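Student: Could we take a close look at a single part of this one? I'd like to see how its strands sit together, and then what else is worth a look around them.

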Amino acid sequence: MNSSGFTRRETLKVLGLLGAGGMWGSPQAWALPSVQSPASEQPTEVRRQIFAKVWQTPLVDTHEHLPDEQDCLRGPGGKPQEDWTVILRHYLDSDLITAGMPKDQHEQFFRKPLSPLEKWRLLAPYWPAVKNTGYGQAVRIAIRELYGVEDLSEKTVEKVAAQYETVRRPGFYERILCELAKIDSCQVNTGTFRESRQPLLLLQDISIVGMFAGPNLQAFGQPTGIQVKSLVDWYRVIDWWFDRYGKYATAVKSQNAYARNIDYEKIPRERAEPVFAKRIAGQPISPEEQKLLEDHLFWYAVGKATEHGLPVKLHTGYYAGQNSMPLGRVQGNPAAACELCRLSPQTTFVFMHICYPYYEDLISIAKQYTNAYVDMCWSWIINPVAAKDFLKKYLVTAPANKIFTFGGDYFPVEPVLGHALIARQGVALSLCELVEEGWLSLEDALSLVDPIMHENARRVFRIEEKKQALRSAPWARRPLPP
Ligand SMILES: [Zn+2]
């Protein structure tokens, strides 16, 4: 990606690293090298202006899975933090398997305590095949910007492993997300709703999938203390989550499209009640009954979200993982999305991941339905060129106030930086090409940058209002545990 301008001419701005207090002397003394803007090396004035504007503009990140920083540093289950391969695990691990890496080598690479060189030997046969995919590029940009390493190799792997440890220290989330990636805030999706210890950086969505799929009596029911004996009790459980967290949450989110199409029908309560009773009694439920119950509860949860003014984010399109995606089902997502918009015009639906590879369909939905919004989260690393193509087409087809252009969609924080830089590159290129091809004036292109990179998200997800509420959230004022 060297013409992209992510070249690292000043490899490290060593001043920050070697502050007066000595390297990494105190939490205040350490800094990561800054990311160079590629604007000045662009070949034309149009490109220089657009790249400069895109590189200066903050991003509102509308979708992540990041744990809180202290949990990340502590490691899963309170164990020591994970080794450097975690930055490849999400999502590059899937490309490694589809490139042919055997399961046992994959397991050793990601899970076993081997030396960096031993791990490199496992990775080396597959690295040339995966290093240029979006997943691969996000990791490579991250190691270049964070560790000063141009590419992973036998020669550099030890440095990558060592620098990984050096960077992962208290404060590294803010350094990576805010200072380097210029991200204003993230919207994090977990199993239910997390009372985050970094509430203004890691805003949270309420997960609704367990409210209707299953439903997940344990995860959603237990924290409420409500004895669930009937469908009405389950409504009270759902209400509890919205009453407790609705004013702090940025949106609600469901990834139920991994299990079925998003073709939720409006089912009356009388038909759902006997199925729910069977579910409580642990009796078998047919696939038709399961769908009927899920459909009914989906609309109950969506109704609550709408009452609370929360947009409804739905996974559409491509599946994470490997060797599992039924593309025939995924192909049904756009038609089902139309029906959702039609059935509940008062609900703001956010269709995630540009429904890749059916992104042209999604543009037509955003053009047709007032309440259809599109989130480009994850798309820049699934297929960077398609994402750029999508954005170009979107901007000359559908209203520009209904698109969000970035969500990293990661568990580890390091590759969010790589993804954000790919997104900046893609946003800039989309606008440059629209100007160069004569579809937009330079002035019009420049005036789109703020709305699509952050203003739309601030407005639709009411970011300032949520931050205000979160400042006085009970969990934001609790002292940090040691
Ligand atoms: Zn996600």
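Tutor: Sure, let's begin with a sheet, then go on to some helices and a couple of single residues.

Keep in mind that this is a predicted model. The part to zoom in on is an open sheet made by 3 strands, in the order β1-β2-β3, with parallel pairing. Which strands stand at the edges? They are β1 (59-64) and β3 (202-204). Each has a single partner strand, so one side of each is left without a neighbour in the sheet. From one strand to the next, the twist averages 30 degrees.

What holds strands like these side by side? Strands of a sheet pair through backbone hydrogen bonds, and the pairing can be parallel or antiparallel. Here, β1 and β2 pair in the parallel sense, and the pairing runs over 4 bridges. You can pick out the partners on your screen: Leu 59 stands opposite Ile 183 in β2, and Val 60 has Ser 185 of β2 as its bridge partner. Now hop across to the other side. Strand β2 (residues 183-188) pairs with β3, again in the parallel sense, over 3 bridges. Try finding Cys 186, whose bridge partner in β3 is Leu 202, and then Gln 187, which stands opposite Leu 203 in β3.

Are these strands covered or out in the open? β1 is mostly covered, with 6 of its 6 residues buried. β2 is mostly covered too, with 5 of its 6 residues buried.

There's another open sheet to look at, and this one has 6 strands in the order β4-β5-β6-β7-β8-β9, with parallel pairing. Its edge strands are β4 (206-207) and β9 (403-404), and each of them pairs on one side only. Follow β4 to its partner: 2 bridges join β4 to strand β5 (residues 252-254), and the two run parallel. One pair to look for is Ile 206 with its bridge partner in β5, Val 252.

Stay with this sheet and find Leu 314, which lies in strand β6 (residues 312-315). Is Leu 314 buried or exposed? A residue is called buried when 20 or more other C-beta atoms lie within 10 Å of its own. Leu 314 has 27 C-beta neighbours inside 10 Å, so it counts as buried. Leaving aside neighbours within four places in sequence, Leu 314 is in contact with Ser 254, Ala 257, Ile 262, Phe 349, Phe 351 and Met 352. Take Ile 262 from that list: it is 52 residues away from Leu 314 along the chain, and their C-alpha atoms are separated by 8.4 Å.

Now for a contrast, go to Val 385, which is found in helix α21 (residues 384-395). With 11 C-beta neighbours inside 10 Å, Val 385 counts as exposed, because the cut-off for that label is 12 or fewer. Val 385 and Ser 430 are 45 residues apart in sequence, and 9.8 Å apart in space from C-alpha to C-alpha.

Let's finish with helices. Two packed helices are described by the angle between their axes and the distance between the axes. Helix α22 (residues 414-436) packs with helix α23 (residues 442-460) at an angle of about 155 degrees, with their axes 9 Å apart. α22 and α23 are therefore roughly antiparallel to each other. Their crossing is right-handed. From α22, the contact is made by Val 427, Leu 431, Leu 434 and Val 435, while α23 brings Leu 442, Ala 445, Leu 448, Ile 452 and Met 453. By class, that contact of α22 with α23 has 9 nonpolar, no polar and no charged residues.

α22 has another packing partner, helix α2 (residues 45-56), at an angle of about 145 degrees and with the axes 9 Å apart. α2 passes α22 in a right-handed crossing. Here the contact is made by Val 46, Arg 47, Ile 50, Phe 51, Val 54 and Trp 55 of α2 with Arg 424, Val 427, Ala 428, Leu 431, Cys 432, Val 435 and Glu 436 of α22. The residues in the contact of α2 with α22 divide into 10 nonpolar, no polar and 3 charged.

Definitions and conventions:
Residues numbered from 1 in each chain as written. Predicted model: local features only at pLDDT ≥ 70, side-chain atom pairs only at ≥ 80, totals over all residues. Axes fitted to C-alpha atoms, helices over the stretch in contact; angles between N-to-C directions. Parallel < 35°, antiparallel > 145°, perpendicular 65-115°, else oblique. Left-handed = near helix turned anticlockwise from the far one by under 90°. Contact = placed C-beta atoms within 7 Å. Nonpolar A, V, L, I, M, F, W, Y, C, P; charged D, E, K, R; others polar. Pairing = 2+ DSSP bridges.
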